[in-house]
Amino acid sequence: MIPFNKPYLTGNETLYINEAVASGKISGNGNFTQKCQSFFEDTYGFKKCLLTTSCTDALEMAALLLNIKPGDEVIVPSYTFVSSALAFIREGAKIVFADSMDSNPNIDAQKIEGLLTEKTKVIVVVHYAGVAVDMDPIMKLSRKHNFYVVEDAAQSIDSYYKGKALGSIGHLSAFSFHETKNIISGEGGMLAINDEALIPRSEIIWEKGTNRASFFRGEINKYGWVDTGSSFLPSEVIAAFLYAQLENIESIQKQRLHLWNTYYDGLKELGDAGNVQLPFIPEYATNNAHMFYLICNTAQDRNELIQHIRNNGAHAVFHYLSLHKSDYYLETNETASLPHSEKYTDCLVRLPFYYELSDQEVQLVIHAIHSFFEKK
């Protein structure tokens with residue numbers, strides 16, 4: 001069985017982990033943490049980066065940093081992972097769910113203005129599959145109506161919008177290094193801070209509400225509890241693993257793009273015939289080859305196709321369930337009609353995708369999909 005995902009090791013992960021252990025500094029914010037953070041700042045132009053134990057933690061840091069309070073409204077796409085909303089609900093926010101576009105699962109930027117109220121504090125944009133949301137109109141609305149933009153860039157490393165790295169455009173952004181992502185550390189994440197006014201407090205929240213970071217830079221002669229926060233830092237073991245991956249980002253991305261293009265070329269005929277909808281990359285966006293997905297015409301087609309692919313030796317899966325229809329949300333909120341989000345919930349299929357997937361295995365999956373539609 002071809003698995004859906006397989007974590008890729010570059011070869012230096014254990015070497016760097018041993019180096020971190022031998023250094024005697026394996027708690028957070030050591031040498032490898034700083035090397036990883038500097039890599040992101042230097043490569044992608046983020047003003048400040050702070051590694052976290054997960055993307056969820058990075059989003060929770062964002063909610064604390066933006067002083068989310070009960071009654072604040074946060075606009076979130078419904079078609080996303082629960083963390084995009086949960087981080088703000090934990091602080092008492094009211095979540096206002098937005099629909100996706102018809103052409104891809106990203107939030108429809110043209111529909112956002114109709115969701116704004118005087119209580120809107122934040123908009124969370126999720127760059128699904130590492131493909132950029134149309135950010136210019138959103139940032140224009142942000143300036144006009146004075147709300148923050150948080151990029152949920154969990155899937156978006158090394159992807160761009162009009163030449164700007166995803167995660168560098170909003171006030172804050174959150175990344176994931178979960179084992180299913182392009183660059184991994186098992187679990188792990190990062191908060192990127194692009195609004196300079198937020199940087200000093202971000203370090204305090206990151207360091208359990210203390211000004212410890214300033215102390216270790218020699219800026220103050222003692223540190224103490226000065227704000228809210230939590231234990232968001234990953235250990236040096238996680239950072240060491242991550243740094244080995246970052247050193248190989250170019251080769252990893254090259255191979256993933258090759259696999260993505262092989263899938264696309266092999267399935268384009270089915271897309272042209274209307275059997276499925278293939279991924280759409282707008283002209284303002286780049287493709288970081290985070291995943292390859294198909295959108296079937298019906299839920300029945302989707303479920304039968306997944307089973308057919310499995311019967312032919314490969315593991316395909318569906319993805320998110322729309323959050324506006326979740327049991328937890330409906331306990332205290334009325335249901336809404338978000339037809340595009342619901343379409344992706346019912347009809348999207350994710351195909352096996354990982355660095356060590358061979359061309360032969362990709363062709364096996366392509367053949368299985370073709371044979372499914374030939375029988376219909």
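**Briefing: a predicted protein chain and its enclosed helix H8**

The protein chain exposes about 16100 Å², and carbon and sulfur atoms supply 50% of that area. The structure is a predicted model. Its protein chain contains 13 helices and twelve strands.

**Overall form**

- A compact globule of 376 residues would have a radius of gyration near 21 Å, and the protein chain agrees because its own value is 21 Å.
- Taken along the principal axes, the box filled by the C-alpha atoms of the protein chain is roughly 75 × 50 × 35 Å.

**Burial and contacts**

- Buried residues make up 55% of the 376 residues in the protein chain.
- Counting contacts in the protein chain between residues at least 6 apart in sequence, 71% join residues at least 24 apart.

**Charges**

- The protein chain has 32 positive and 45 negative charges.
- The mean position of the positive charges lies 3 Å from that of the negative charges.

**Helix H8**

- Helix H8 covers residues 236–246, and nine of its eleven residues are buried, so the helix is largely enclosed by the rest of the structure.
- For a residue to count as buried, its relative accessible area must be under 20%.
- At the start of H8, Glu236 is buried.
- The other buried residues of H8 are Ala239, Ala240, Phe241, Leu242, Tyr243, Ala244, Gln245 and Leu246.
- Helices that cover the buried residues of H8 include H1 (13–23), H2 (31–44) and H9 (249–272).
- Strand S1 (48–52) is also part of this cover.

Conventions. Residues are numbered from 1 along each chain as its sequence is written. This is a predicted model: local features need pLDDT of at least 70, side-chain atom pairs count only at pLDDT 80 or more; totals for chains, interfaces and linings use all residues. Side-chain values use heavy atoms; hydrogens and water are left out. Helices (H or I, at least four residues) and strands (E, at least two) are DSSP runs, numbered from the N terminus. The radius of gyration is taken over C-alpha atoms; the globule rule is 2.2 Å times the number of residues to the power 0.38. Buried means under 20% relative accessible area, exposed over 50%, partly exposed in between (1.4 Å probe, protein chains only). Contact means heavy atoms within 4.5 Å. Accessible areas come from the Shrake-Rupley method with a 1.4 Å probe; for residues, only the protein chains shown count as cover. Lys and Arg count as positive and Asp and Glu as negative; His and the chain ends are not counted. The place of a charge is taken as NZ of Lys, CZ of Arg, CG of Asp or CD of Glu.
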